[in-house]
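The following exercises practise the reading of a protein structure. Please attempt each task before turning to its solution.

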Amino acid sequence: MLECPGCGGNITFHIESQLMFCKYCDSYYEPYAIHKEVDAESVEYYETKVFSCPQCGGEILGNHNEAATFCTYCGSSTILSERISKEECPDYIIPFKKTKEDCKEAYRKAMKKAIFVPKEYKSEEFIDGFRGIYMPYWNYEFKLDGKVHLTAKEDIHQEEYTLRNIFHVKGELDDTFQGDAYDASLNFYDDISMGLAPFDFHSHKPFTPSFLSGFYAECADVSKEVYLGEAMELAQEATMHKITTSEELKSFKLVGLAEGEVPFQTTLVKAAKTLYPVWFMSYRNGDKVAYAAVNGQTGKVAADMPVDKKKYVGYSMLLAIPLFLILNMLFTFTPMQITTLCAVCLLVSLVLYASELHEIYLKEQFISDKAQMYKNQRYLEYESAFDGNPVFEFLKDSLYKVLEIVAASISVILSVLVYLIPFLPILNWLLWGILIAGTLACTIYALGQIEKLDYRASFHTSMFNIVVMFGVLMTVLIRPEAEIWYYGASVLMLVLVVLNFNEILNNYNYLAMRKMPQFRKKG
């Protein structure tokens with residue numbers, strides 16, 4: 001709480017004017033002109049309140065002038081306990097540029113496209129729950145210098161020969177790289193923070209506690225070493241790109257450098273602790289919470305968006321009517337073709353189901369959040385076990401993309417084969433071979449993933465897929481004269497498709513929501 005020098009009332013940071021404002025006497029002041037006596041004792045620390053949630057244990061700093069009755073992290077409406085604490089001053093701060101109304105408008109615009117989110121996501125009462133929070137980031141500054149020795153080649157193609165010129169390039173490098181930011185809060189997930197990027201670091205200001213008045217703030221609890229290697233690689237890549245695209249070298253190809261090798265020295269000058277402005281809101285459902293965040297500088301939105309099953313089913317039913325009419329007018333399917341088409345749908349649903357289980361595994365291992373991996377002591381184990389293994393790297397980078405491509409293309413390819421079955425009987429065997437092999441592979445993969453997950457995914461659904469598929473295959477091989485066998489098999493597979501998609505939605509909502517940060521504690 002900061003006092004107005006004119007009337008003694010409480011003053012807060014005014015976003016529109018970028019000044020401190022007193023609503024009691026309508027006075028404006030420069031943020032750097034306002035100081036608390038306890039803050040003036042040391043430039044390294046400032047005094048603030050720490051609000052703690054009694055339900056989840058979440059803590060935020062707050063020089064706020066309103067009663068804190070809402071926990072940002074767990075979504076509970078509760079009275080937060082408070083205490084006075086001295087906190088280390090950050091180096092820089094980017095003040096809020098977007099007001100709460102700007103934030104709410106940007107969020108409403110983003111939610112217009114999200115037709116399946118729960119109704120609470122679009123209610124005005126919920127949207128009014130955005131809180132202005134300064135989130136901590138690490139900003140790394142590197143010096144890149146030294147004598148550079150490069151080898152470049154130039155190929156000149158003629159009609160009958162190619163002339164290759166080799167050049168030895170020498171020079172002095174003196175460059176700096178600054179501005180790349182990394183989330184320094186364990187409670188602020190990396191995917192949300194990256195979704196809000198970029199912030200314009202060059203509009204930062206030296207930190208003073210005055211900017212916090214009227215807002216909350218998070219503490220930096222991630223070591224600067226966590227992202228140091230990643231930041232250094234980015235600085236080196238950017239510098240190498242600058243060199244290779246320079247006017248003198250852009251027409252040449254550099255040779256003799258191994259992958260990742262740099263011909264200069266890289267030195268960390270400073271890891272600056274910076275506070276970035278974020279409008280933050282949480283949606284709670286049981287012991288899970290979904291976060292929505294808006295960049296307080298640019299207005300960019302990043303949000304977890306779970307699916308409301310009732311909405312999904314309703315829209316699906318509406319979509320099914322015109323699809324049925326279109327297919328009924330354009331195509332005529334035999335019972336055998338209907339059965340095969342249902343088998344294609346079943347395999348596609350199983351591919352999506354298996355791919356989501358892979359994503360859940362990555363989430364539970366915190367592989368996409370380096371800070372959480374360090375916290376859980378999994379990062380070093382993960383690197384030592386798999387780093388440098390080409391087979392693992394290929395699978396890690398390619399598996400999910402391959403599964404998505406298969407899910408997107410398999411229905412098109414197999415549907416064409418379905419239509420050609422009466423004309424080319426050999427395709428019938430080829431198609432069912434693909435369907436059985438795909439179902440077996442996806443089921444084995446899904447069962448293997450389920451065994452490794454903390455999340456209890458449905459086991460029976462995976463087993464039913466392969467049982468039903470083999471049962472249908474027997475029907476196809478026996479080729480009964482009665483069409484009721486084909487229609488019965490088709491109905492059975494479509495029921496299983498519905499069950500699969502129910503599990504897909506459950507898995508998606510698990511991926512879209514998170515355990516509250518404090519609920520990850522053991523004991």
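**Exercise 1: A residue in a helix**

Thr443 is found in helix H11 (residues 425-452). The structure is a predicted model, in which local features need pLDDT of at least 70, side-chain atom pairs count only at pLDDT 80 or more, and totals for chains, interfaces and linings use all residues. Residues are numbered from 1 along each chain as its sequence is written, and side-chain values use heavy atoms, with hydrogens and water left out.

Task: State whether Thr443 is buried or exposed.

Solution. Step 1: recall that buried means under 20% relative accessible area, exposed over 50%, and partly exposed in between (1.4 Å probe, protein chains only). Step 2: recall that helices (H or I, at least four residues) and strands (E, at least two) are DSSP runs, numbered from the N terminus. Step 3: Thr443 has a relative accessible area of 3% and is therefore buried. Step 4: Thr443 is 7.7 Å from Ala354 in space, C-alpha to C-alpha, while 89 residues separate the two in sequence.

**Exercise 2: The span of a helix**

Task: Determine what span the 20 residues of helix H5 (residues 225-244) should have, and compare it with the distance between the end C-alpha atoms.

Solution. Step 1: the expected span of a helix is 1.5 Å times one less than its number of residues. Step 2: for H5 this gives 28 Å. Step 3: the end C-alpha atoms of H5 are 29 Å apart, which agrees. Step 4: the buried residues of H5 include Val226, Tyr227, Ala231 and Ala235.

**Exercise 3: Cysteines**

Task: Explain why Cys22 and Cys7 do not form a disulfide.

Solution. Step 1: a disulfide is a pair of cysteine sulfur atoms within 2.5 Å. Step 2: the cysteine sulfur closest to that of Cys22 belongs to Cys7 and lies 3.5 Å away, which is too far for a bond. Step 3: by this rule the structure has 0 disulfides. Step 4: Cys22 has a relative accessible area of 0% and is buried.

**Exercise 4: Salt bridges**

Task: Identify which residues are linked with Lys100 in a network of salt bridges.

Solution. Step 1: a salt bridge is a side-chain nitrogen of Lys or Arg within 4 Å of a carboxyl oxygen of Asp or Glu. Side chains of opposite charge can pair when their charged atoms come close. Step 2: the structure contains 12 salt bridges. Step 3: one of them joins Asp128 to Lys100, at 3.8 Å from N to O. Asp128 lies in the loop between helix H3 (124-127) and strand E9 (131-157), and Lys100 in helix H2 (residues 100-111), so the pair ties together parts that are 28 residues apart in sequence. Step 4: Lys104 and Glu101 also form a salt bridge, with their closest N and O atoms 3.4 Å apart. Both residues belong to helix H2 and are 3 residues apart, about one turn of the helix. Step 5: the network thus links Lys100, Glu101, Lys104 and Asp128.

Accessibility completes the picture. Asp128 is partly exposed at 39%, as is Lys100 at 26%, whereas Lys104 is buried at 7%.

**Exercise 5: The partners of strand E9**

Task: State how many bridges join E9 to strand E10 (residues 162-183).

Solution. Step 1: two strands pair if DSSP finds at least two bridges between them. Step 2: E9 and E10 run antiparallel and are joined by 20 bridges; Glu154 stands opposite Asn165 in E10. The two strands form a hairpin with 4 residues between them. Step 3: E9 also pairs with strand E14 (residues 265-285), in the antiparallel sense over 15 bridges, and Leu144 has Thr266 in E14 as its bridge partner. Step 4: strand E12 (residues 216-217) runs parallel to E9 and is joined to it by 2 bridges, with Ile133 opposite Tyr216. Step 5: strand E13 (residues 253-255) is antiparallel to E9, with 3 bridges, and Val255 of E13 stands opposite Thr151.

**Exercise 6: An open sheet**

Task: Name the strands at the edges of the sheet E1-E2-E3-E4.

Solution. Step 1: these 4 strands form an open sheet in the order E1-E2-E3-E4, with antiparallel pairing. Step 2: strands E1 (2-3) and E4 (27-29) each have a single partner strand and stand at the edges, so one side of each is left without a neighbour in the sheet. Step 3: E1 pairs with strand E2 (residues 10-14) over 2 bridges, and Leu2 stands opposite Ile11 in E2.
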